[in-house]
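Please open the structure in your viewer and keep the sequence panel beside it, since this tour moves from one selection to the next. At each stop you will be told what to select and what is there.

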Amino acid sequence: MNRREKVLLGASVYIAALFGVMPAANAMHIMEGFLPVQYCIAWGVISLPFVVVGFQSIKKTLAKNRRTLTLLALAGAFVFVISSLKIPSVTGSSSHMTGTGLGAMLFGPTATSVLGLIVLIFQAILLAHGGLTTLGANCFSMAIAGPLVSFGLYKGLSKTSLNRKVVIFIAAFLGDLFTYCVTAFQLALAHNEAVGFGTALVENLGVFAVTQIPLAVVEGILTVIIMIGLETYAKPELKAIGYAKDGE
């Protein structure tokens, strides 16, 4: 392991240690058993193609340059750590950062769907954070919908005159918020008997906004900091995945 790889590994360990000492609330993604069976199956079917394409994308990336495995591991660790910190929100769910914007900007949204799925499985089994029956729904909101928004914004805004750090912040910030818009939609779609879908959606979005907007701001700042570190210590790896061009 060379010096650059040691720095990246040390950074990921430091981040994990920093957040690991913070207290976590007793809440989760959409929790086990909270969605009817038909919705669990439907969201799983919708998510499956993205995950399959993501596996192929990761395989292709690693085949080109094995050194990118370090960046891939860092992106996965970032998702796992900051998405494990949760605050109770809408009944049956929670507010927390996602971390998937980083992976989407580095490797694309489909590859990030695989990272997110792996994280969700470990969190469901080891931390009782989320559930296996709701895996498809949680995967779609956190590992597919959010990363798609972050990736699209990053690619689009990178062509403008905006500062790259501002672009990264906006992409991570709005990707996080969109994740919870999708989660609110999923909950309202499954549980709207008393008030109707529209009212349930507005209520869920309103409750989420209280905790999620400041969390999204924090995630945007953290993503910028991580990117600055990578651009400083991992330029060859960033060039290998097409993030940084020669001369940057």
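Begin by selecting F122, which is partly exposed, with a relative accessible area of 45%; here buried means under 20% relative accessible area, exposed means over 50%, and partly exposed is in between, with a 1.4 Å probe and protein chains only. This is a predicted model, in which local features need pLDDT of at least 70 and side-chain atom pairs count only at pLDDT 80 or more, while totals for chains, interfaces and linings use all residues. Residues are numbered from 1 along each chain as its sequence is written, and side-chain values use heavy atoms, with hydrogens and water left out.

F122 belongs to helix α5, residues 109-126; helices (H or I, at least four residues) and strands (E, at least two) are DSSP runs, numbered from the N terminus. Now add I118, I121, I125, L126, L127 and L132 to the selection, and together with F122 you have a nonpolar patch on the surface with about 650 Å² of accessible area. Such patches are made of residues with over 30% relative accessible area and no salt bridge, where like charges are joined within 9 Å and nonpolar side chains (Val, Leu, Ile, Met, Phe, Trp, Tyr) within 5 Å. The areas themselves come from the Shrake-Rupley method with a 1.4 Å probe, and for residues only the protein chains shown count as cover.

Next, zoom out to the whole protein. How many helices and strands does the protein have? There are nine helices and two strands, and from the N terminus on the elements run α-α-α-β-β-α-α-α-α-α-α. The protein has 248 residues, of which 48% count as buried, and it exposes about 11400 Å², with carbon and sulfur atoms supplying 70% of that area.

Select helix α2 (residues 37-64) together with α5, and look for the place where their axes come within 7 Å and cross at roughly 105 degrees. That angle makes α2 roughly perpendicular to α5; angles under 35 degrees count as roughly parallel, over 145 as roughly antiparallel, 65 to 115 as roughly perpendicular and the rest as oblique. The contact is made by F50, V51, V53, G54, F55, S57 and I58 on the α2 side, and by T110, A111, S113, V114 and L117 on the α5 side, where contact means heavy atoms within 4.5 Å. The axes are lines fitted to C-alpha atoms, for helices over the stretch in contact, and the angles run from 0 to 180 degrees between N-to-C directions.

Stay on α2 and pick S57, which counts as partly exposed at 21% relative accessibility. Leaving aside neighbours within four places in sequence, S57 is in contact with F107, T110 and A111, and its C-alpha atom is 9.8 Å from that of P109, 52 residues away along the chain. Then move along α2 to K64, which counts as exposed at 65% relative accessibility; K64 and I241 are 177 residues apart in sequence, yet 8.8 Å apart in space, C-alpha to C-alpha.

Now select helix α4, where eight of the eight residues are buried, so the helix is largely enclosed by the rest of the structure. One of its residues is G101, buried at 3% relative accessibility, and G101 touches S150 and E219, not counting residues up to four places away in sequence. Just after α4, you can check the backbone of G108, which takes a positive phi of about 100 degrees.

For the next stop, select F173 in helix α7, residues 164-190. Is F173 buried or exposed? F173 is buried, with a relative accessible area of 18%, and beyond its neighbours within four places in sequence it is in contact with I213, A216, V217 and G220.

Finish with the side chains of E231 and R164, which meet in a salt bridge (3.4 Å, N to O); a salt bridge is a side-chain nitrogen of Lys or Arg within 4 Å of a carboxyl oxygen of Asp or Glu. The pair links distant parts of the chain, with E231 in helix α8 (residues 197-233) and R164 in helix α7, 67 residues apart. Both ends can be coloured by accessibility, as E231 counts as partly exposed at 21% and R164 counts as partly exposed at 31%.
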